[in-house]
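Please work through the following exercises with the sequence and the model open side by side. Each task is followed by a solution that proceeds step by step.

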Amino acid sequence: MVSCVNEALVTRMREFGTTIFAEMTALAVRTESINLGQGFPDTDGPAAMLERAVEAIRGGANQYPPGPGLPELRREIAETTRARYGLAYDPDGEVLVTVGATEAIATSILALAEPGDEVIVFEPYYDSYAAAIALAGAVRKPVTLRPELGRFTFDPDELRAAVTPRTRLILVNSPHNPTGTVFTREELAAIAELCVEHDLTAITDEVYEHLTFDAVEHIPLAVFPGMRDRTVMISSAGKTFSVTGWKTGWVRAPRHCVQAVQTVKQFTTFTMGAPWQRAVAYALSEEMPWVDGLRTALQAKRDRLADGLASAGFTVYRPAGTYFVQADIRPLGFTDGLDLARRLPGLCGVVAVPTQVFYDDVAAGRPYIRFAFCKRDEVIDEAVDRIKRLG
């Protein structure tokens with residue numbers, strides 16, 4: 001028997017400690033620094049949506065909703081997906097509501113990967129991916145995104161070489177956190193071709209699908225030939241409607257995949273908050289023009305921060321989507337992003353996230369740090385003024 005007094009954590013999870021987001025946010029609080037590390041907005045989503053949640057609570061929607069999610073939310077998810085992408089999903093069996101995209105990703109991996117199966121991920125990867133793969137007893141196989149012509153991309157030959165007879169899943173995040181890359185049609189076609197050729201299932205994290213800039217188009221992997229029935233498509237209300245604390249996500253997938261994911265989910269959280277589901281159903285139907293305005297505002301914020309970082313001396317990779325800017329620290333004489341991120345509050349009173357913690361190939365990510373621009377303009381301006389002290 002293992003005692004909780006010593007070495008309680010199972011071996012497969014011992015490489016995972018406190019998340020970098022918790023560490024950096026605690027550092028921001030402790031040093032009273034501006035937090036451009038964790039990706040959460042400092043303003044609320046559409047007022048009418050918030051009011052719908054309040055009305056739902058006052059109206060008695062405070063007990064367990066159905067395990068798959070409220071029917072009205074599943075219908076809106078299916079309709080939004082059909083209208084935007086031309087992808088048809090049955091709301092009764094091919095849509096599942098989850099506690100945020102993080103649970104959707106974790107339960108999908110747990111449901112679809114056997115111990116020893118390999119899961120391809122593009123690094124840098126969101127940190128929960130590696131933890132979910134470890135929980136499943138699977139093996140992660142990273143394919144590195146590298147800067148090329150001002151954006152991060154992958155080598156198709158490296159991706160193809162990552163596939164082995166043990167490969168079961170490929171986890172695709174586009175728009176990509178933390179690099180801000182939005183995969184092109186050609187990049188996605190290469191991934192789709194590989195999935196079909198090797199009978200792989202794709203799990204796609206598309207939480208930033210509505211937050212792309214400069215008229216760059218987000219294209220779901222599921223629209224490519226042969227991919228609709230081998231893709232688990234994941235989205236979330238948190239980023240779309242600036243309510244990250246609501247933790248309302250969803251899965252769209254073939255019926256047998258949704259059944260598998262729901263089998264795991266029912267023994268973790270079972271369901272998620274009814275008031276938020278009602279409000280999100282309303283927002284998907286009525287508040288997409290608000291999201292268009294958010295996208296325009298975020299593009300301006302991106303430019304505000306990117307221009308400021310460039311003027312401070314960083315090499316900046318201007319993202320095509322998400323909340324985040326990657327900055328190369330080497331022009332300022334620094335070489336280690338983790339060391340700089342921990343020193344940055346003392347140097348200038350700003351917190352960022354070191355990108356290297358999202359890589360298996362730590363050296364590939366060492367020169368970069370990630371700044372979030374989903375903040376009020378005055379916060380960005382003050383942060384830039386402080387960062388310029390580094391020069």
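**Exercise 1: A strand and its partners**

The bridge partner of Asp205 in E9 is Ile234. The model to be examined here is a predicted one.

Task: Establish which strands E9 is joined to, in which direction each pair runs, and whether the residues of E9 are buried or exposed.

Solution. Begin with the pair to which Asp205 belongs: strand E8 (residues 201–205) and strand E9 (residues 231–236) run parallel and are joined by 4 bridges. Within this pair, Ile203 also has a bridge partner in E9, namely Val232.

Next, turn to E10, which is joined to E9 by 4 bridges as well, but in an antiparallel arrangement. Here Ile234 has Val251 of E10 as its bridge partner, while Ile234 is also the partner of Asp205.

Then consider the two faces of the strand. In a regular strand, side chains alternate between the two faces of the sheet. In E9, Thr231, Met233 and Ser235 are on one side, Val232, Ile234 and Ser236 are on the other, and all of them are buried, which leaves both faces covered. Since 6 of the 6 residues of E9 are buried, the strand is largely enclosed by the rest of the structure.

**Exercise 2: The sheet and the helices on it**

Task: Describe the order of the strands in the sheet that contains E9, find its edges, and state which strands helix H4 and helix H9 touch or lie across.

Solution. The sheet is open and has 7 strands, which follow one another in the order E2-E10-E9-E8-E7-E3-E4 with mixed pairing. At its edges stand strand E2 (95–99) and strand E4 (139–144); each has a single partner strand, so one side of each is left without a neighbour in the sheet. On average, and with direction ignored, neighbouring strands of this sheet are turned by 25° against each other.

Now add the helices. Helix H4 (residues 100–112) lies across E2, strand E7 (167–173), E8, E9 and strand E10 (248–252), and it runs at about 160° to E9. Helix H9 (residues 255–265) also packs on the sheet, where it touches E2, E9 and E10, and its direction makes about 30° with that of E2.

**Exercise 3: Charged pairs**

Task: For the salt bridges of Arg302 and Arg304, name the partners, compare the accessibility of the residues involved, and state what the pair with Asp381 ties together.

Solution. A search of the whole structure finds 31 salt bridges, and two of the pairs are taken up here. In one of them, Arg302 is paired with Asp303, with the closest N and O atoms 2.9 Å apart. Because buried means under 20% relative accessible area, Arg302 counts as buried at 2%, whereas Asp303, with 23%, is partly exposed.

In the other, the side chains of Asp381 and Arg304 meet at 2.7 Å, N to O. Asp381 belongs to helix H14 (residues 377–387) and Arg304 to helix H11 (residues 288–312), so this salt bridge ties together parts that are 77 residues apart in sequence. Asp381 is partly exposed at 31% relative accessibility, and Arg304 is likewise partly exposed, with 36%. Through shared partners, salt bridges also join Asp214, Arg302, Asp303, Asp307 and Arg318 into one network.

Finally, look at Lys301, which lies in helix H11 and counts as buried at 15% relative accessibility. Leaving aside residues up to four places away in sequence, Lys301 touches Phe373, Lys375, Arg376, Asp377 and Ile380.

**Exercise 4: The protein as a whole**

Task: Decide how the radius of gyration of the protein stands against the globule rule, and add what the burial and the contacts show.

Solution. Start from the inventory, which comprises 14 helices and 15 strands. The radius of gyration is 21 Å, close to the 21 Å that the globule rule gives for 391 residues, so the protein is as compact as a globular protein of that length. Along the principal axes, the C-alpha atoms fill a box of roughly 55 × 50 × 50 Å.

Continue with burial: 56% of the 391 residues count as buried. The protein exposes about 16,100 Å², of which carbon and sulfur atoms supply 51%. As a last step, take the contacts with a separation of 6 or more, 75% of which are accounted for by residues 24 or more positions apart.

Technical notes: Residues numbered from 1 in each chain as written. Predicted model: local features only at pLDDT ≥ 70, side-chain atom pairs only at ≥ 80, totals over all residues. Heavy atoms only, no water. Salt bridge = Lys/Arg side-chain N within 4 Å of Asp/Glu carboxyl O. Buried < 20%, exposed > 50% of the residue type's maximum accessible area, 1.4 Å probe, protein only. Helix = DSSP H or I, 4+ residues; strand = E, 2+ residues; numbered from the N terminus. Pairing = 2+ DSSP bridges. Axes fitted to C-alpha atoms, helices over the stretch in contact; angles between N-to-C directions. Contact = heavy atoms within 4.5 Å. Rg over C-alpha atoms; globule rule 2.2 N^0.38 Å. Areas by Shrake-Rupley, 256 points an atom, 1.4 Å probe, with all protein chains shown as cover.
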